[in-house]
Every structure is written in C-alpha cells, then in structure tokens.
Amino acid sequence: MTRPRRARISTEALLNAARRAAERLTQLSRDPEVRREAANVARAVTRLLNAIRRAGRERPPE
C-alpha cells in the first residue's frame, strides 16, 4: 500500500492565506483587542512577504 502524497503549498501562498485570515479577523471580531492584534499580524505578515520577495530578487553574485 502506498502512502498518500502530502500537499505542497508554497511559502508565499501560505503567508497570503494567513494575512487574509488576520485581515478578516480585523473586520469580524467584536473584541477591540482581537481586532488590533489581528491588524498587527496582517501588517507583519505583509512585511515578511515583501522581504521574502526582495530576497528572491536580490541574489548575491557567486
């Protein structure tokens, strides 16, 4: 019997999903602290995504 293959999700897709979930929490939560922290997470993930994209473009010479 063969093992089922694990789904492969790119880092960028995973971080985008996390950012969207945090953004949705900022809109749906009734608790102001949850909204504030979710907004902080969304901003942090956006900065992380941008850093990853920049790092991919700026490869050092070999």
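At the start of α2, which backbone nitrogen does a side-chain oxygen of D31 reach? In this predicted model, that oxygen of D31 comes to within 2.8 Å of the backbone nitrogen of E33. The points below follow helix α2, then the residues of helix α1 that touch helix α2, and finally the salt bridges, of which a search of the whole structure finds two.

**Helix α2**

- Helix α2 covers residues 32–57, and because each of its 26 residues should add 1.5 Å, the expected span is 38 Å, which agrees with the 38 Å that separates its end C-alpha atoms.
- The buried residues of α2 are A38, A39, A42, V45 and L49, and what covers these buried residues includes α1, which runs over 11–28.

**Residues N16 and R19 of helix α1**

- N16 belongs to helix α1 and has a relative accessible area of 14%, so N16 counts as buried, the cut-off being under 20%.
- When residues up to four places away in sequence are not counted, N16 touches L49 and R53, and L49 is itself among the buried residues of α2.
- R19 is likewise found in helix α1, and its side chain makes a polar contact of 2.9 Å with the side chain of N16.
- With neighbours within four places in sequence left aside, R19 is in contact with A42, V45, T46 and L49; A42, V45 and L49 also appear among the buried residues of α2.

**Salt bridge between the helices**

- E12 forms a salt bridge with R53, in which the closest N and O atoms are 2.7 Å apart.
- This pair links distant parts of the chain, since E12 lies in helix α1 and R53 in helix α2, with their positions 41 residues apart in sequence.
- The relative accessible area is 38% for E12, which is therefore partly exposed, and 33% for R53, which is therefore partly exposed as well.
- R53 thus has two partners in α1 described here, as R53 takes part in the salt bridge with E12 and is also touched by N16.

**Salt bridge within helix α1**

- The side chains of E23 and R19 meet in a salt bridge, with 3.4 Å from N to O.
- E23 and R19 both lie in helix α1, where they are four residues apart, or about one turn of the helix.
- E23 has a relative accessibility of 32% and so counts as partly exposed.
- R19 therefore combines this salt bridge to E23 with the polar contact to the side chain of N16 and with contacts to residues including T46.

Terms used
Residues are numbered from 1 along each chain as its sequence is written. This is a predicted model: local features need pLDDT of at least 70, side-chain atom pairs count only at pLDDT 80 or more; totals for chains, interfaces and linings use all residues. Side-chain values use heavy atoms; hydrogens and water are left out. Helices (H or I, at least four residues) and strands (E, at least two) are DSSP runs, numbered from the N terminus. The expected span of a helix is 1.5 Å times one less than its number of residues. Buried means under 20% relative accessible area, exposed over 50%, partly exposed in between (1.4 Å probe, protein chains only). Contact means heavy atoms within 4.5 Å. A polar contact is a pair of N or O atoms within 3.5 Å; within protein, one must be able to donate a hydrogen and the other to accept it, and residues adjacent in sequence count only if both atoms are side-chain atoms. A salt bridge is a side-chain nitrogen of Lys or Arg within 4 Å of a carboxyl oxygen of Asp or Glu.
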